[in-house]
Amino acid sequence: MINIIDRQYEARIHPLLRLGFRPFFLFGALYAVIALGIWLWAFRYGQPNWLSAPALWWHAHEMLFGFAMAIVVGFLLTAVQNWTGIQGTREKRLLFLIVLWLLPRVLFWLPVPLWMIVILETIFLAFACWEIGYRVISAKRWRNLLFLPMLLIAMLTNLASYASVLQLWDIPALVIWQAVLWWFILLISIMAGRVVPFFTARKLDCDKPQPILWLELTANLSILCLLVLCFFPNLNQQLNNPLMLIAGLSQLIRFLRWQGYRTFNEPLLWSLHLFYLCIPLGLMINGLNHTPWTQHTMLHMFAIGGLGGMILAMTPRVSMGHTGRNIYQGPCFWPAFVLLIIATLIRTVGVILFPTQLHTLITLAGICWMMSFALFAIVFGPMLMKPRTDGQPG
């Protein structure tokens, strides 16, 4: 149990600053709407005059290191309290982290050099790594130590993305974005392997399938290899498709063992399974297809369905659970899941089948994305800004 010595002091902290998931989930969801709206405008009308980076680079960077990284940091700052029993980051330290995340989002639209932005983002990731790492090490929860090298890899790939846009090396930005996307997919794969079968078995009152070591290693190490191979183009060209097939098949076997077919009556469960399915499907389709257009388009199955979908499926559960509410008696939220599923299908299958309608389809997919995360902010934002219903800290 977490020991709160002074509950009166805890009560004086604004609810939004009591635990990491609160500000980062709320601001991350709002930014998912804002950043995508700006991108749709730029996609239609061209480079915004005030933006200090190329619009396409900014879009990829901000959806990954702006929106998705905010959610990941908020989740880890919250989870580490449960893992270690040590009180999580709050109040001034949490506010400092929020400011470090928010400043780069604003500075892209001001006449400041990109090196200033990358320094702030590096400090943000380093400080988040410290807040998580010292708690894990203090409590000797060595199993969770792997998130420290994961965050360090994210820091390095972020630096690489800036080196690319500043033309400091010859690796194209698209290669960096593919590597970063594999980083997120690997993180999701590790976390989902822990929580999805547990949540499912607990709700269905059945035995949780025990992980099979060789299957877990194959599913995760193959994605790690895909990440590393992004930086070795010649080798990547030879091994990319076979590795995707291996990763896709192992991920699919793993997914089927989680019994998602039994969860159709509970949106907070079927959403987890359905969005996770985007990962093995995307891997297998790309592994079997050698057309560059299809492979590039299918990356959005990972980005929208796998990454965005798992975020949208997990954040309501965390938001309700950590604000003292019954997870399965929450507000009606399944329309947001449906909107994001539609966005995924339009941006992948729709674009592949009807490439001449690219502009229209991207706009429709973007609108569905924006509506889904706007719904999260509307429905769960008030919970994130209020104290826990049970009077507990956090």
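Begin by selecting Q167, which is found in the loop between α6 (147–165) and α7 (173–204). This is a predicted model, and in it the phi of Q167 is near 60 degrees, a positive value in a residue other than glycine. Most residues other than glycine have a negative phi, so a backbone value of this kind is a reasonable place to pause. With a relative accessible area of 70%, Q167 is exposed, because exposed residues are those over 50%.

Select E91 next, where phi is near 50 degrees, again a positive value in a residue other than glycine. E91 is found in helix α4 (residues 91–107), whereas Q167 is found in a loop. The relative accessible area of E91 is 22%, and E91 is therefore partly exposed.

Now bring up helices α8 and α9 together. Their axes come within 8 Å and cross at roughly 150 degrees, which means that α8 is roughly antiparallel to α9, since angles over 145 degrees count as such. With both helices in view, the crossing in which α8 passes α9 is left-handed.

Which residues form a nonpolar patch on the surface? Select L213, L217, L221, L224, V228, F232, L235 and L239, which together have about 700 Å² of accessible area. At least two residues of the patch come from each of α8 (213–229) and α9 (233–257), and α8 gives the most, with 5 residues. As one member to inspect, take L217, which is placed in helix α8 and is partly exposed, its relative accessible area being 43%.

Stay with these two helices and display the side chains of R254 and E216, which meet in a salt bridge with an N to O distance of 3.1 Å. This pair links distant parts of the chain, with R254 in helix α9 and E216 in helix α8, 38 residues apart. Are the two partners buried or exposed? R254 counts as buried at 1% relative accessibility, and E216 is buried as well, with a relative accessible area of 17%, because the cut-off for buried is under 20%.

Before leaving α9, select I253, whose place is in that helix and which is partly exposed, with a relative accessible area of 36%. If P280 is added to the selection, the C-alpha atoms of I253 and P280 are found to be separated by 9.0 Å, although the two residues are 27 apart along the chain.

The remaining stops concern salt bridges, of which the structure holds 6. In helix α5 (residues 114–139), select R135 and E131, which lie 4 residues apart, about one turn of the helix. Their side chains meet in a salt bridge at 3.1 Å, N to O, and both R135 and E131 are buried.

Move then to D390 and R388, whose side chains meet in a salt bridge with an N to O distance of 2.7 Å. What is the relative accessibility of each partner? D390 counts as partly exposed at 36%, whereas R388 is buried, with a relative accessible area of 17%.

Finish by selecting E62, R105 and E121 together, which are linked in a network of salt bridges.

Terms used:
Residues numbered from 1 in each chain as written. Predicted model: local features only at pLDDT ≥ 70, side-chain atom pairs only at ≥ 80, totals over all residues. Heavy atoms only, no water. Patch = residues over 30% accessible without salt bridge, like charges linked within 9 Å, V, L, I, M, F, W, Y side chains within 5 Å. Areas by Shrake-Rupley, 256 points an atom, 1.4 Å probe, with all protein chains shown as cover. Salt bridge = Lys/Arg side-chain N within 4 Å of Asp/Glu carboxyl O. Buried < 20%, exposed > 50% of the residue type's maximum accessible area, 1.4 Å probe, protein only. Axes fitted to C-alpha atoms, helices over the stretch in contact; angles between N-to-C directions. Parallel < 35°, antiparallel > 145°, perpendicular 65-115°, else oblique. Left-handed = near helix turned anticlockwise from the far one by under 90°.
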